[in-house]
Amino acid sequence: MPHMVIVGGGIAGVSCAEQIAESSPETPVTLISASPLIKAVTNVKQVSRALTDFDVSEQEAASLSALYVNVTVLHAEVTGFNPSTQTLDLSSGSAVSYDRLCICTGATPKLVAKGNPHVIGIRDTQSVACLKEALSRARRVVIVGNGGIATELVYAIDGECEVVWAIKDSSIGTTFFDSGAAKFFLQGLTGKGSESAAATAATGTDGSSSVEPGSCQVFAASKRMRYRAEDTSSPCVLHGSSTLGSALGPDWCEGQRFSKAVTSSEKPSVQIEYSCEVADICSPDQGLYEEEATKSVTNSSQVSDWPVFIRLTNGRVYGCDFIVSATGVIPQTLPFSACHEIKLAEDGGMCADSSMRTPVANVYAAGDACTATWPFAQQWTQMRLWTQARQMGAYAALCMLEESGERDSMDFCFELFAHVTKFFGYKVILLGLFNGQGLPDDHELLIRCTEGVEYIKVVLYQGRMQGAVLIGETDLEETFENLILNQMDLSSYGESLLDPGVDIEDYFD
């Protein structure tokens, strides 16, 4: 039997190993993990045909071998890649030969300042532990980034630590949702999610926003809106270690308490700095920004004793205890990318075809380390998310098991983008071209919003549903998934498609 070797103990790598072990129990599998712990997918729940919800637990590597007798797990780093002999050199000094290899090395966090002891990158469990320790003593933290980790972290920080959130966009969470959903979510910074219909922040003309109790309210209950996409006025790494563990899974903030000793029941203010990036970071002994430092959000801290200062491109300067860099990830491709046959895409990922193969014979890539280069289905796009890491890992395994090394047709999961997660205490489901990605400018958006309860957005083009965003317990995911896949003409329904008085689920059953 061919020897299957998988590099990476994250979600993609473990899913690949599990799929091979379950599909072909006699096939020997070796999983090489740089971390002594691996990520295991648990509590899998099929929400709909395309949507799968699951948890990720961190387990000892031996647990995988105990579950599958044909799987061997090695704790080592790959230091050399020899495609001509089909061998890998390991940090342990040994070498492993393979018949087919799948590279699932994930990605590393982008850092706004490499080597700065006051900048923390969030990627794995170890870096989360470092963050928790730092927050236990912090008075103020600056979070830089506007993706999923930054958005979850801002909401999760509790206690008396002030938060300054610097984002390059004009609204929060633009990776996943539009400005209308952002306004809906902002109440979570004071109201703690769907349990409270608190107010949202009013954005100032200077590009900043202070989110505090008592801010102005937006969106009356069950308000419906329809507008065209071009209508912009619509409301609508851890230092000291070069080896990172496996990426965090879904709901990584669940069960974590990011706080210091609480002496007040009121959640501290969050200062959002919009449309800006990091211009410079310096220490107090550089003496550059102490006099310029923006006053504390709560006017409770002294300017003179901050260990680090950050200057933003909007001219504002903040002193803080440390900076969290959550500005995205870079595919981890070394040492494999040193091989000239490995092709890298513009985003740094290893190019993979529709069978997850790289240009190197018998070498596959899956998860965050790869970039999909095949012609996408109309309602699918690649995003470096745990759901796609799991899907790619499992699909790569099936391709590796084929005698030809490829499959005649792609898995259904590549027909429709589908992702379920949680932000600000709300269930969030993203379907298809949920932000109108790649659609002509004349596509339409239908929106229904009930403050503190739900936010529903439907993306239509030529009367057909192309994507949707569902926030809250809407129970519409299966219905909308079918409407996107079936491409039914919905022109005759108009705004009534989201009429709260109409049971859409039963109507289109």
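**Exercise 1. Strand β27 and its hairpin**

Determine how many of the 7 residues of strand β27 (residues 444-450) are buried, and describe how β27 pairs with strand β28.

*Solution.* The structure is a predicted model.

Step 1. A residue counts as buried when its relative accessible area is under 20%. In β27, 7 of the 7 residues are buried, so the strand is largely enclosed by the rest of the structure.

Step 2. In a regular strand the side chains alternate between the two faces of the sheet. For β27, one side carries E444, L446, R448 and T450, the other L445, I447 and C449, and all of these are buried, so that both faces are covered.

Step 3. The partner strand β28 (residues 454-461) runs antiparallel to β27, with 7 bridges between the two. One of the bridge partners in β28 is E454, which is matched with T450.

Step 4. The hairpin of β27 and β28 has 3 residues between the strands, and G452 takes a positive phi near 75° there.

**Exercise 2. Residue D178**

Identify which end of helix α5 is capped by D178, and find the salt-bridge partner of D178.

*Solution.*

Step 1. Helix α5 spans residues 179-186; 6 of its 8 residues are buried, so the helix is largely enclosed by the rest of the structure. The buried residues are G180, A181, A182, F184, F185 and L186.

Step 2. D178 caps the N-terminal end of α5, where a side-chain oxygen of D178 lies 3.2 Å from the backbone nitrogen of G180.

Step 3. D178 also forms a salt bridge with K457, with 3.2 Å between the closest N and O atoms.

Step 4. D178 is buried at a relative accessible area of 15%, and K457 is buried at 2%.

**Exercise 3. Salt bridges and their surroundings**

State how many salt bridges a search of the whole structure finds, then establish whether E133 and R137 are buried, partly exposed or exposed.

*Solution.*

Step 1. The search finds 13 salt bridges. Side chains of opposite charge can pair when their charged atoms come close.

Step 2. E133 and R137 meet through their side chains in a salt bridge of 2.5 Å, N to O. E133 is partly exposed, at 47% relative accessibility, while R137 is exposed, at 55%.

Step 3. Another salt bridge joins R316 and E273, whose closest N and O atoms are 3.4 Å apart. R316 sits in the loop between β18 (308-312) and β19 (317-320) and E273 in strand β16 (residues 270-273), so this pair ties together parts that are 43 residues apart in sequence.

Step 4. R316 is partly exposed at 22% relative accessibility, whereas E273 is buried at 0%.

Step 5. A network of salt bridges links R139, D305 and D321.

**Exercise 4. A parallel sheet and its helices**

Give the strand order of the open sheet of 5 strands, and name the strands touched by helix α7.

*Solution.*

Step 1. The order is β5-β2-β1-β9-β23, with parallel pairing. At the edges are β5 (71-75) and β23 (363-365), each of which pairs on one side only.

Step 2. On average, neighbouring strands of this sheet are turned by 20° against each other, direction ignored.

Step 3. Strands β1 (residues 4-7) and β2 (residues 29-33) are joined in the parallel sense by 4 bridges; V5 has T30 of β2 as its bridge partner.

Step 4. Helix α1 (residues 11-23) lies across β1, β2, β5 and β9 (100-103), and runs at about 160° to β1. Helix α7 (residues 386-401) packs on the sheet and touches β1, β9 and β23, its direction making about 165° with that of β9.

**Exercise 5. Two loop residues**

Classify T333 and Q378 as buried or exposed, and list their contacts beyond four places in sequence.

*Solution.*

Step 1. T333 belongs to the loop between β21 (329-331) and β22 (350-352). Its relative accessible area is 7%, so T333 is buried. Outside its sequence neighbours within four places, T333 contacts L344, G348, M350 and A369.

Step 2. Q378 belongs to the loop between β24 (370-372) and α7. Its relative accessibility is 52%, so Q378 counts as exposed.

Step 3. With neighbours within four places in sequence left aside, Q378 contacts L433, Q466 and Q487. The side chains of Q378 and Q466 are joined by a polar contact of 3.3 Å.

Step 4. Q378 and G438 are 60 residues apart in sequence, and their C-alpha atoms are 9.6 Å apart in space.

Conventions
Residues numbered from 1 in each chain as written. Predicted model: local features only at pLDDT ≥ 70, side-chain atom pairs only at ≥ 80, totals over all residues. Heavy atoms only, no water. Buried < 20%, exposed > 50% of the residue type's maximum accessible area, 1.4 Å probe, protein only. Contact = heavy atoms within 4.5 Å. Pairing = 2+ DSSP bridges. Axes fitted to C-alpha atoms, helices over the stretch in contact; angles between N-to-C directions. Polar contact = N/O pair within 3.5 Å; in protein donor to acceptor, adjacent residues only side chain to side chain. Salt bridge = Lys/Arg side-chain N within 4 Å of Asp/Glu carboxyl O.
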